Amino acid sequence: MKFPGISVSLLAMSCVLWPAVVQAASCESVRIPLCRSMPWNMTKMPNHLHHSTQDNAVLAIEQFEALLGTGCSPDLLFFLCAMYAPICTIDFQHEPIKPCKAVCERAKYGCEPVMKRYNHSWPDSLACSELPLYDRGVCISPEAIVKADGPDSYHQDPSRCNPESGPDFLMDSNNFKCREPRGDHCRCKAVKMSLRTYLKNNYNYVIRAKVKDVRNRGLEPTAVVEVKEVLKSSLVNIPKETQTLYYSSSCLCPPLSVGEEYLVMGYENEETSRLLLIDGSVAQKWRDRLGRKVKRWDKILQGKGRAVERQNHH
């Protein structure tokens, strides 16, 4: 591995090669199941969340399993493990290395919108502001790790999830890792278009749009669309022009094909004025009949909202 300002190639391996006495006094093997795929195998307690033992840390990190299952950010697992099972090395025995601020911000950006849908917010204990910047201190990030045995198993190549990259790779919103054909595929979960779904999911925006491009490179997969009609918007002004839709993971769900016209229903991030495609979002090939149906559903939703307001006033 390499970190700014220090040279610690294959840092994780250095723990394995220590004398037994040194290991016992400082580092311990990672025993948290979620973190066994990380490119380090030694940690130190208490961790950055002040858990005194790994048994306590396991109970705490397991509360994020459902969020990990949404695939909201490819950085979330790395970030959580760097906090709950921090890497321990001979050079940093007294204070384990923290994850870089940028890793936290990427995980938060991808996953906080999902958490807010269920009335949760990003935990104060995982505040990104408390973490070091990559160029101003020692910290750990996926891109800073250089391994001798090839690409990291926990951080898959996003292009392998791209539906345009080949017919053998499917997508799954419940699995943020891509798998080989005939294994656990990266398959999009089908969302049934119905009044019940519309009322339950309470989408922030509904648009008719033609797909101009789908980009699945780097850490922010996106779809570029030309907005033809705005059926609903809540927090963000959506002009009839080219817009960018932001996926929550490299498993591009719901899938969009370039050149096709869709009815897209998703969520908005008011803070960043972004249109999001996250778990539960819908994209169906446009049909006039479908558009009319959604307009009727929205009137029903608005009527329910007014009824609730009247009840609250009485």
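Where is the place of Ala102? Select Ala102 in your viewer and you land in helix H6, which covers residues 101-117. Keep in mind as you look around that this is a predicted model.

**Stop 1: Ala102 and its distant neighbour in sequence**

With Ala102 still selected, add Asp75. The two are 27 residues apart in sequence, and their C-alpha atoms are 9.9 Å apart in space. Ala102 itself is partly exposed, because its relative accessible area is 36%, and the range for that label runs from 20% to 50%.

**Stop 2: the whole chain**

Now zoom out and show the cartoon. The protein chain has eight helices and 14 strands. Of its 314 residues, 48% count as buried. The chain exposes about 16400 Å², and carbon and sulfur atoms supply 48% of that area. If you display contacts with a separation of 6 or more, 65% of them are between residues 24 or more positions apart.

**Stop 3: helix H5**

Next, select residues 76-84, which make up helix H5. Is this helix enclosed or not by the rest of the structure? Nine of its nine residues are buried, so H5 is largely enclosed. Show the side chains and you can go through the buried residues by name: Leu76, Leu77, Phe78, Phe79, Leu80, Cys81, Ala82, Met83 and Tyr84.

To see what surrounds them, colour the packing partners. The buried residues of H5 pack against H3, helix H4 (65-69), strand S5 (98-99), H6 and S6. You have already visited H6, as the home of Ala102.

**Stop 4: the loop between S4 and H3**

Move to the loop that runs between strand S4 (42-43) and helix H3 (54-61). Here is some background for what follows: most residues other than glycine have a negative phi, and most peptide bonds are trans.

Select Met45 and Pro46 in turn. A cis peptide bond joins these two, with omega at about 0°, and Pro46 sits in this loop. Then pick His50, which is found in the loop between S4 and H3 as well. Its phi is positive, near 70°, and it is not a glycine. His50 counts as exposed because its relative accessibility is 68%.

**Stop 5: two further backbone features**

Which peptide bond is cis, with omega near 0°, and ends at Pro254? The one from Cys253. Pro254 is in the loop between strand S11 (242-247) and strand S12 (261-269).

Then select Asn119, in the loop between helix H6 and strand S6 (139-140). Asn119 has a positive phi, near 60°. With a relative accessible area of 74%, Asn119 is exposed.

**Stop 6: salt bridges**

Side chains of opposite charge can pair when their charged atoms come close. How many salt bridges does a search of the whole structure find? The search finds eight, and three are worth a visit here.

- Select Asp55 and Arg31. Their closest N and O atoms are 3.6 Å apart. This pair links distant parts of the chain: Asp55 is in helix H3, and Arg31 is in the loop between strand S3 (28-29) and S4, 24 residues apart. Arg31 is partly exposed, with a relative accessible area of 40%.
- Select Lys295 and Glu229. Their closest N and O atoms are 3.0 Å apart. This pair also links distant parts of the chain, with Lys295 in helix H8 and Glu229 in strand S10 (residues 222-232), 66 residues apart. Lys295 counts as partly exposed, at 42% relative accessibility. Before you leave the bridges, add Glu28 to Arg31 and Asp55: salt bridges that share partners join these three into one network.
- Select Glu226 and Lys228. Their closest N and O atoms are 3.5 Å apart. Glu226 is partly exposed at 31% relative accessible area, and Lys228 is partly exposed at 34%.

**Stop 7: a positive patch**

For the last stop, turn on the surface and select Arg287, Arg289, Arg292, Lys293 and Arg296. These residues gather in a patch of positive charge on the surface. Arg296 has its place in helix H8 (residues 288-313), the helix that holds Lys295 from the bridge with Glu229.

How values were computed:
Residues numbered from 1 in each chain as written. Predicted model: local features only at pLDDT ≥ 70, side-chain atom pairs only at ≥ 80, totals over all residues. Heavy atoms only, no water. Helix = DSSP H or I, 4+ residues; strand = E, 2+ residues; numbered from the N terminus. Buried < 20%, exposed > 50% of the residue type's maximum accessible area, 1.4 Å probe, protein only. Contact = heavy atoms within 4.5 Å. Areas by Shrake-Rupley, 256 points an atom, 1.4 Å probe, with all protein chains shown as cover. Patch = residues over 30% accessible without salt bridge, like charges linked within 9 Å, V, L, I, M, F, W, Y side chains within 5 Å. Salt bridge = Lys/Arg side-chain N within 4 Å of Asp/Glu carboxyl O. Lys, Arg positive; Asp, Glu negative; His and termini not counted. Charge placed at Lys NZ, Arg CZ, Asp CG, Glu CD.
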